[in-house]
Amino acid sequence: MVRPDQLVAILKMSKLDIAPALGLSRDALSKTIRQNSPKTQSRLREVVEILNRVLPWAGTPVKAWAWYRSESLPGFGGMTAEQLVKDGMGDAVRHYLDEIAIGGYA
């Protein structure tokens with residue numbers, strides 16, 4: 001289970017700021033019952049997995065977050081990981097990062 005409080009502390013952000021970047025409503029992270037819902041937990045896990053895959057390249061969680069929000073991914077028409085996750089394509093981002101990690105091309 002991903003704890004939103006820990007994630008926002010690591011990223012030095014508030015729940016209200018991070019929720020839209022995850023494609024979640026602000027209530028999804030601010031209300032305890034919604035934090036534990038399968039949809040919210042699935043999205044949180046997806047983003048944490050992406051950030052963990054980028055962390056070795058980025059160097060810090062904050063820099064990994066900046067990559068997630070701003071780096072255009074050439075294999076996806078220049079969309080960012082954030083945009084892709086919001087569109088329900090988090091699995092594609094993870095697969096893309098797996099390919100890059102084993103020496104594949106973007």
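Start at the largest pocket of this predicted model, where about 200 Å³ of space lies. To see its walls, select Val2, Arg3, Gln6, Leu7, Ile10, Leu11, Val48, Leu51, Asn52, Leu55, Pro61 and Ala64, which line the pocket. Colour them by class and you should find nine nonpolar, two polar and one charged residues in this lining. Which elements give two or more residues to the lining? They are helix H1 (4–11), H5 and H6.

Next, show H1 and H5 together. Their axes are 12 Å apart, and the two helices pack at an angle of about 35°. Look at how they cross: H1 passes H5 in a left-handed crossing. Now select Pro4, Leu7 and Leu11 on the H1 side, then Leu44, Val48 and Leu51 on the H5 side; these residues make the contact. By class, the contact of H1 with H5 has six nonpolar residues, no polar and no charged. Keep Leu7, Leu11, Val48 and Leu51 highlighted for a moment, as they also line the largest pocket.

Now hide H1 and bring in H6. Helix H5 covers residues 38–58 and helix H6 covers residues 61–70; they pack at an angle of about 115°, with axes 8 Å apart. H5 and H6 are therefore roughly perpendicular to each other. Here the crossing of H5 past H6 is right-handed.

What meets what between these two helices? From H5, select Val47, Ile50, Leu51, Val54, Leu55 and Ala58; from H6, select Pro61, Lys63, Ala64, Trp65, Trp67 and Tyr68. The residues of this contact divide into 11 nonpolar, no polar and one charged.

For a last stop, go back to the pocket and select Leu51, Leu55, Pro61 and Ala64. These residues belong to the contact of H5 with H6, and they are among the residues lining the largest pocket.

Conventions: Residues are numbered from 1 along each chain as its sequence is written. This is a predicted model: local features need pLDDT of at least 70, side-chain atom pairs count only at pLDDT 80 or more; totals for chains, interfaces and linings use all residues. Side-chain values use heavy atoms; hydrogens and water are left out. Axes are lines fitted to C-alpha atoms, for helices over the stretch in contact, and angles run from 0 to 180 degrees between N-to-C directions. Helices (H or I, at least four residues) and strands (E, at least two) are DSSP runs, numbered from the N terminus. Angles under 35 degrees count as roughly parallel, over 145 as roughly antiparallel, 65 to 115 as roughly perpendicular and the rest as oblique. A crossing is left-handed if the near helix is turned anticlockwise from the far one by less than a right angle, and right-handed if clockwise. Contact means heavy atoms within 4.5 Å. Ala, Val, Leu, Ile, Met, Phe, Trp, Tyr, Cys and Pro count as nonpolar, Asp, Glu, Lys and Arg as charged, and the others, Gly among them, as polar. On a 1 Å grid over the protein atoms alone, a cavity is a set of points where a 1.4 Å probe fits but cannot get out, and a pocket is an open set with protein on both sides within 12 Å along at least five of seven lines; lining residues have an atom within 4 Å of a point. Grid points are joined across faces, edges and corners, and a volume is the space filled by probe spheres set on the points.
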